[in-house]
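User: I'd like to learn how to read a structure like this one, feature by feature. Could you walk me through it?

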Amino acid sequence: SEARAEVRGVMARPPEGLAELLAWSEGLMARGWGWPAVRLAWQAATRAPNDARVIRAIYPWPNRAAVEAEAAEFGVDPFLLAGLVRQESTFDPEALSSAGARGLAQLMPGTASQTARGLDVPFAPAWITVPDLNLHLGAAHLAELLRRFRGRVEVAAAAYNAGSRPANRWLERPESADPDQFVELITYPQTRGYVRSVLKNRDLYRALYAPVASLPER
């Protein structure tokens, strides 16, 4: 309760200086306060929009090692998984959607249970927000969707958000073979925006966090 009150106070009267805004943003993100952390980062962007520290605060990666490990285990692009988690929960392990999805990867209880059974992983409903387990199941679910839709990231992202049935329905349209056209064929505005955001996030995470290739020696 005291922590919530302090966060509310900071959000009501955010610091003025860039360094203070970034310090609060990074500190909140490290403690699981994803949405307030990103909001403060956006305020920092009004002071230094091209600062790499600000952009990384807007697109943070607080549990990078865990995301990369799960992505490697299931053969998923780590930048895609990071972009999806950022869109789903802003890296808040206690995130809860209006539909009942929970945790870092915003899994519905039924999806989490079914995925756990497929992996032969012990699962109980009370464990759904355990960060490592939620991320593990989310990565597995994303990998299954990518396999089901033959590696088409935009279709897998649509199915992650809206379910496989609508995604299959959108795939029945002849224009759907083109990735950009498929996104335009999504009839749910929320899902269409979600897919665009996940793809944008993936590209931004790759640009911000991919290792810089060394230049060849002369």
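**Reading the model, step by step**

Analyst: Gladly! Let's begin with a pair of helices: helix H5 (residues 64-74) packs against helix H8 (residues 131-148) at an angle of about 40°, and their axes are 9 Å apart. Keep in mind that this is a predicted model.

User: Which way does H5 cross H8, left-handed or right-handed?

Analyst: The crossing of H5 past H8 is right-handed. On the H5 side, the contact is formed by Ala66, Val67, Glu70, Glu73 and Phe74, and H8 contributes Asp132, Leu135, His136, Ala139, Ala140 and Ala143.

User: How many residues of each class are in the contact of H5 with H8?

Analyst: Sorted by class, there are 7 nonpolar, 1 polar and 3 charged residues.

User: Now the nonpolar core. Which residues have the most contacts inside the largest one?

Analyst: Those are Trp61, Val76, Leu81, Leu142, Tyr160, Val195 and Tyr205, in a core of 65 residues. Helix H8 turns up again here, since H8 gives the most to this core, with 9 residues.

User: What is Tyr205 in contact with, leaving aside its neighbours within four places in sequence?

Analyst: Tyr205 is in contact with Tyr59, Pro60, Trp61, Phe79, Ala82, Gly83, Arg86, Phe91 and Ala210. Notice that Trp61, from the list of residues with the most contacts inside the core, is among these partners of Tyr205.

User: How do I judge a polar residue, say Asn201? Is Asn201 buried or exposed?

Analyst: Compare its relative accessibility with the cut-off: buried means under 20%. Asn201 has 1%, so it counts as buried. Asn201 sits in helix H12 (residues 189-209).

User: What does the side chain of Asn201 make a polar contact with?

Analyst: Its partner is the side chain of Gln87, at 3.1 Å. Beyond neighbours within four places in sequence, Asn201 is in contact with Tyr59, Gly83, Arg86 and Gln87.

User: Can we try the same reading on Thr115? Where is Thr115 found?

Analyst: Thr115 lies in helix H7 (residues 109-119). Its relative accessible area is 14%, so Thr115 is buried. Not counting residues up to four places away in sequence, Thr115 touches Leu137, Ala140 and His141. You have met Ala140 already, as one of the H8 residues in the contact with H5.

User: And Trp127, where is that found?

Analyst: Look in the loop between H7 and H8. With a relative accessible area of 39%, Trp127 is partly exposed. Setting aside neighbours within four places in sequence, Trp127 is in contact with Pro122 and Leu133.

User: How far apart are Trp127 and Ala112 in space?

Analyst: From C-alpha to C-alpha they are 9.9 Å apart, with their positions 15 residues apart in sequence.

User: Last topic: backbone angles. What sign of phi do most residues other than glycine have?

Analyst: Most of them have a negative phi. A positive value is therefore worth a look, given that most residues other than glycine are negative. Thr90 has a positive phi of about 50°, and Asp120 has a positive phi of about 60°. Neither Thr90 nor Asp120 is a glycine.

User: Where are Thr90 and Asp120?

Analyst: Thr90 is placed in the loop between helix H6 (78-89) and H7, while Asp120 belongs to the loop between H7 and H8. Thr90 is buried, with a relative accessible area of 15%, whereas Asp120 is exposed, at 70%.

Notes
Residues numbered from 1 in each chain as written. Predicted model: local features only at pLDDT ≥ 70, side-chain atom pairs only at ≥ 80, totals over all residues. Heavy atoms only, no water. Axes fitted to C-alpha atoms, helices over the stretch in contact; angles between N-to-C directions. Helix = DSSP H or I, 4+ residues; strand = E, 2+ residues; numbered from the N terminus. Left-handed = near helix turned anticlockwise from the far one by under 90°. Contact = heavy atoms within 4.5 Å. Nonpolar A, V, L, I, M, F, W, Y, C, P; charged D, E, K, R; others polar. Buried < 20%, exposed > 50% of the residue type's maximum accessible area, 1.4 Å probe, protein only. Polar contact = N/O pair within 3.5 Å; in protein donor to acceptor, adjacent residues only side chain to side chain. Core = buried A, V, L, I, M, F, W, Y, C linked by side-chain atoms within 4.5 Å.
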